[in-house]
Amino acid sequence: MIERARLLFAGRIEFLKSAPALHFLPDPEVPEIAFAGRSNVGKSSLLNALTGRKSIARTSVTPGRTQELNFFEVGDPTLLRLVDMPGYGFAKAPPKVVEQWRKLVRDFLRGRVVLKRALLLIDARHGIKDVDSEMMKMLDEAAVGYRVVLTKADKIKASELDQVYTETLAAARKRTAAYPEVLVTSSEKKMGIEDLRAAVLADSEI
Ligand code: GTP
Ligand code: MG
């Protein structure tokens with residue numbers, strides 16, 4: 001599985017399109033895996049690490065940079081798509097933007113038949129916050145299975161990481177739609193990337 005995943009992600013990966021609203025979605029032709037998480041948690045960075053490209057997904061220091069659903073195609077012919085979802089929970093977001101985000105994300109999660117799994121990214125420095133619990137609730141309610149993925153593991157000490165990992169795993173196990181395992185990653189140090197690739201491949205059922 002690891003070797004197959006490595007080969008898949010070493011092959012064709014292309015940005016397909018950006019969808020600011022549901023009617024811009026690409027046709028549901030292949031399995032999709034979505035990346036969800038707070039703004040600045042490292043979604044775009046993890047997508048880049050997963051695909052071994054430096055900047056296929058735009059990363060930024062400004063929270064809330066990604067406001068649309070961004071689709072990336074993997075494989076030739078396309079075997080699966082990765083979806084970079086807009087981040088949530090940034091402090092300065094106007095209520096109108098939050099409402100737009102909620103509608104887009106909820107409708108996508110509920111209606112997307114090809115969506116096989118979501119990856120819910122949690123910053124290892126902070127653990128699960130209230131806004132993340134709300135996201136978990138949205139995923140549970142939409143019946144979209146998700147894996148919890150800790151990001152930026154390079155930023156904290158091993159002992160702190162152990163503690164956050166244990167707490168996060170316990171929280172995930174209480175959720176109905178959460179996969180009962182937590183992946184630990186660092187896009188910076190390329191940690192946990194092979195396991196994540198294998199998980200994405202397994203989840204996409206290709
Ligand atoms: P939005 O698109 O705004 O929702 O953010 P995002 O979740 O896509 O985050 P992004 O990947 O743009 O990363 C945000 C910041 O965190 C950037 O400055 C990254 O360089 C940094 N970052 C991301 N992953 C890691 C990591 O594994 N380690 C470290 N040290 N920094 C990281
Ligand atoms: Mg982003």
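**Exercise 1. In this predicted model, find which residues of α1 meet which residues of α6, then sort the contact residues by character.**

*Solution.* Start on the α1 side: Ile2, Arg4, Ala5, Arg6, Leu8 and Phe9 take part. Their counterparts in α6 are Glu194, Asp195, Arg197, Ala198, Val200 and Leu201. Now sort them: seven are nonpolar, five are charged and none is polar.

**Exercise 2. Work out how α1 and α6 are oriented to each other.**

*Solution.* First locate the helices: α1 covers residues 2-10 and α6 covers residues 193-204. Next, take the geometry: their axes lie 8 Å apart and the packing angle is about 90°. Angles of 65 to 115 degrees count as roughly perpendicular, so α1 and α6 are roughly perpendicular to each other.

**Exercise 3. Trace the open sheet and say which strands stand at its edges.**

*Solution.* Walk across the seven strands in the order β1-β3-β4-β2-β5-β6-β7; the pairing is mixed. At the edges you meet β1 (13-19) and β7 (178-184). Each has a single partner strand, so one side of each lacks a neighbour in the sheet. On average, neighbouring strands are turned by 25° against each other, direction ignored.

**Exercise 4. Describe the pairing of β2 with β5, then the helices α3 and α6 on the sheet.**

*Solution.* Begin with the strands: β2 (residues 32-37) and β5 (residues 115-123) run in the parallel sense over six bridges. Here Gly37 stands opposite Leu121 in β5. Then add α3 (residues 95-111), which touches β1, β2, β3, β4 and β5, its direction making about 40° with that of β3. Finally, place α6: this helix touches β2, β4, β5, β6 and β7, and its direction makes about 150° with that of β5.

Note on methods: Residues are numbered from 1 along each chain as its sequence is written. Chains are lettered from A and ligands numbered from 1 in the order in which they are written. This is a predicted model: local features need pLDDT of at least 70, side-chain atom pairs count only at pLDDT 80 or more; totals for chains, interfaces and linings use all residues. Side-chain values use heavy atoms; hydrogens and water are left out. Axes are lines fitted to C-alpha atoms, for helices over the stretch in contact, and angles run from 0 to 180 degrees between N-to-C directions. Helices (H or I, at least four residues) and strands (E, at least two) are DSSP runs, numbered from the N terminus. Angles under 35 degrees count as roughly parallel, over 145 as roughly antiparallel, 65 to 115 as roughly perpendicular and the rest as oblique. Contact means heavy atoms within 4.5 Å. Ala, Val, Leu, Ile, Met, Phe, Trp, Tyr, Cys and Pro count as nonpolar, Asp, Glu, Lys and Arg as charged, and the others, Gly among them, as polar. Two strands pair if DSSP finds at least two bridges between them.
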